[in-house]
Amino acid sequence: MIRKTTPTLIVLLMLLLGTGLPVQAEDGYRLWLRYDKVQDASRLQQYRQQVTEVILEGNSPTLAIAKRELAQGLRGLLGQEVPFGQKATKAGTLIAGTPASSPLVAQLQLGDKLKAAGDEGYLILTTQLNGRNSHVIAANTDIGVLYGTFHFLRLLQSSQDITKLAVSSAPKIQHRVLNHWDNLDRTVERGYAGFSLWDWHRLPGYIDQRYLDYARANASIGINGTVLTNVNANALVLTKEYLVKVAALADAFRPYGIKVYLTARFSAPIEIGGLKTADPHEPTVQQWWKDKAAEIYSHVPDFGGFLVKANSEGQPGPQNYGRNHADGANMLADAVAPQGGIVMWRAFVYDDKEPDDRAKQAYTEFKPLDGTFRKNVMVQVKNGAIDFQPREPFHPLFGAMPKTPIMMEFQITQEYLGQGTNLAYLAPMFQETLEADTHAKGKGSTVAKVIDGTLDKHQLTGIAGVANIGTDRNWTGHLFGQSNWYTFGRLAWNHQLSSEEIAAEWIKMTFTSNANVVMPVQNMMMTSREAVVNYMTPLGLHHIMGWSHHYGPGPWIKDKHRADWTSVYYHRADEQGIGFDRTKTGSNALAQYAPPVQKQFGNIKTCPEEFLLWFHHVKWDHKLKSGRTLWNELCYRYSEGVDQVRQMQSTWASLEGKVDEERFAHVQSLLKIQEQEAKWWRDACLLYFQTFSKRPIPSDLEKPAETLEYYMNLDPKFVPGI
Ligand code: BDP
């Protein structure tokens with residue numbers, strides 16, 4: 001029996017593999033770098049004809065990675081070995097290198113074109129070499145060659161025509177950094193994908209293959225920095241015991257073009273330095289930080305610098321000593337300046353002792369400090385003024401501090417967007433902020449222009465994303481979380497890419513280039529974030545989630561030790577209506593925006609409905625554009641969110657058999673959870689707000705499944721990520 005079936009099975013398997021059907025189970029570990037054989041037969045033929053050999057000279061660690069990537073990528077995608085040589089002997093040579101590493105690249109004399117690529121960019125050209133058709137990946141630096149290599153492979157992975165390539169690409173933003181909120185005990189604050197990747201206990205001796213795979217994935221999308229530790233910082237990471245571990249990680253990441261940064265706990269001079277104070281005006285404190293920085297650089301010569309959360313949510317900071325944020329930032333900036341380091345000083349500050357609207361506090365603190373920061377300081381600002389909500393208007397600090405480089409902070413981990421169980425593709429959200437017009441220097445002063453330095457002519461530019469990566473086999477917990485990591489990198493490199501484009505790239509690389517999969521998945525992704533907004537916080541509602549863990553609805557949260565962490569502080573529902581009045585009659589947070597923005601948002605008639613309850617307290621019977629009253633509209637939006645999730649479920653169900661079984665089942669199960677959670681949000685919020693509106697839920701909508709009391713008594717335990 002056995003002797004008979006085994007060969008039959010093998011033949012069957014070979015046949016299936018030959019057809020490119022998804023026979024293999026996939027666990028998501030390979031991310032978007034799968035390099036499976038190109039399925040479109042004519043494309044495959046084109047690639048086999050046009051890429052017949054590779055010449056990549058030079059042997060720096062970075063070029064060695066590029067070489068390995070090309071070998072592995074071409075072998076997989078073309079389904080055959082592509083030889084590496086030194087002389088272009090036939091048509092279809094792919095040359096990769098810098099003018100310094102490759103005589104052939106030098107021979108092409110790419111001059112000004114190459115100059116425009118800068119330190120990290122690259123050219124990918126179809127050209128003639130010795131009278132034969134060839135391709136060249138050229139850059140000024142080895143890392144540029146590696147980035148170009150990934151771009152070239154991406155073209156093949158997504159079945160693009162490569163017959164006439166003329167790509168010139170350079171990043172629009174200089175520092176493209178992941179922020180890991182990872183603690184030294186390996187828990188991850190707001191992490192929903194397992195534990196921290198950094199195995200501190202086994203470092204520096206043990207270099208986990210995961211570190212290299214992580215660095216490779218980042219390099220493939222142009223991320224060039226990583227802050228290893230939580231913004232709620234532990235000073236221990238600055239001790240020698242940990243610095244040798246940090247150095248081992250930095251060594252592993254360096255060939256991939258990734259610099260390491262650390263979070264600096266402001267009170268470290270006291271906690272690990274034995275000083276009595278951390279006052280930034282104290283010479284002993286200044287000296288302590290200078291010495292500490294020098295020590296760090298002795299371990300990590302290309303250390304990127306510090307990220308700091310100070311005087312926020314209980315963290316120590318310069319204000320403990322009557323100094324301001326610039327005093328604190330400048331002291332650290334002076335410490336890292338000799339070695340070219342930077343300081344990313346967070347503007348996420350607010351105080352519950354301060355009676356003013358939380359949305360105003362960052363601007364109030366930082367705006368007067370414009371022009372007082374050192375040259376190597378960036379102020380890192382969250383996309384919105386409250387806290388990574390499903391939807392927020394852009395932060396008023398964008399455009400308000402022209403003399404200071406302002407860095408963007410996005411959250412990739414979905415703390416407020418369904419955490420580890422909900423599919424929410426975040427590109428449309430990131431894009432919405434980047435494209436928002438601050439009007440700081442007239443029309444067209446978009447947030448993107450503030451961030452990329454073009455509006456105020458800054459050389460120093462940066463963008464950060466709070467990472468969603470952990471030890472889960474598929475890296476991000478939810479498979480679609482990978483698309484958000486991918487998106488962050490792609491947008492950080494080029495914020496002009498569209499959300500649709502990025503989604504399509506990711507789907508092709510992650511699943512298949514077949515249009516009958518790409519289109520439906522893209523549609524699903526493009527509605528997913530709006531669905532979350534609808535079933536959580538439609539029409540400008542915000543911060544009404546569960547207490548502390550932030551999981552599930554909690555619009556009834558009140559009477560806690562901090563008012564600014566409760567929900568009633570934000571939605572202000574009463575018998576008249578709902579919403580936070582941030583106009584002149586209320587907190588006047590609107591005054592922090594440029595006049596045209598004030599004018600638009602300040603008028604209930606012109607305020608975009610998606611921000612209505614962010615800026616206005618609106619009467620329950622107020623008529624909206626749909627012709628419905630506010631109450632009815634709220635009911636419809638909440639219900640629409642649930643319907644959108646159901647639509648996503650049926651779209652995904654239609655892909656059965658077109659996506660490998662393992663990933664299909666994974667996403668299907670999570671979508672089912674998402675539907676339950678969406679209903680939970682809808683029912684809990686509508687029943688709660690109904691106690692104020694005293695109006696019925698329109699009869700054509702689904703009725704809540706349980707009572708308000710039931711929802712208020714739900715008390716999920718051990719929610720991850722706290
Ligand atoms: C909030 C998180 C909290 C972070 C804080 C921050 O709930 O865990 O420490 O932001 O960004 O969103 O500092």
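The largest cavity sits between two domains, because domain 2 (175–509) and domain 3 (534–580 + 617–713) both give residues to its lining. The model in question is predicted, and this cavity holds about 120 Å³ of space. What lines the largest cavity, and which residues lie nearest its centre? The lining is made up of 17 residues, and those nearest the centre are Tyr-416, Met-536, His-550, Gly-552 and Trp-681. Sorted by class, the lining of the largest cavity comes out as a mix of 7 nonpolar, 8 polar and 2 charged residues.

That cavity has company: the structure holds 9 cavities of 30 Å³ or more. The second largest cavity contains about 90 Å³ of space. Its lining includes Tyr-192 and Ala-193, a run made up of Ile-412, Thr-413 and Gln-414, and also Gln-419 and Gly-420. Asn-468, Thr-476, His-478 and Gly-481 line the second largest cavity too. Here the class count gives 3 nonpolar and 8 polar residues, with no charged ones in the lining.

Next comes a helix, α17, which covers residues 515–536. How far apart should the ends of α17 be? With 22 residues at 1.5 Å a residue, helix α17 should span 32 Å, and its end C-alpha atoms are indeed 32 Å apart, so the expected span and the model agree. Still, α17 has a bend in it, of about 35° at Ser-528. As for how side chains are arranged around such an element, an α-helix has 3.6 residues a turn, so residues three or four places apart point the same way.

Conventions
Residues are numbered from 1 along each chain as its sequence is written. This is a predicted model: local features need pLDDT of at least 70, side-chain atom pairs count only at pLDDT 80 or more; totals for chains, interfaces and linings use all residues. Side-chain values use heavy atoms; hydrogens and water are left out. Helices (H or I, at least four residues) and strands (E, at least two) are DSSP runs, numbered from the N terminus. The expected span of a helix is 1.5 Å times one less than its number of residues. The bend at a residue is the angle between axes fitted to the seven residues ending there and the seven starting there. On a 1 Å grid over the protein atoms alone, a cavity is a set of points where a 1.4 Å probe fits but cannot get out, and a pocket is an open set with protein on both sides within 12 Å along at least five of seven lines; lining residues have an atom within 4 Å of a point. Grid points are joined across faces, edges and corners, and a volume is the space filled by probe spheres set on the points. Ala, Val, Leu, Ile, Met, Phe, Trp, Tyr, Cys and Pro count as nonpolar, Asp, Glu, Lys and Arg as charged, and the others, Gly among them, as polar. Domain bounds come from an automatic or database domain assignment.
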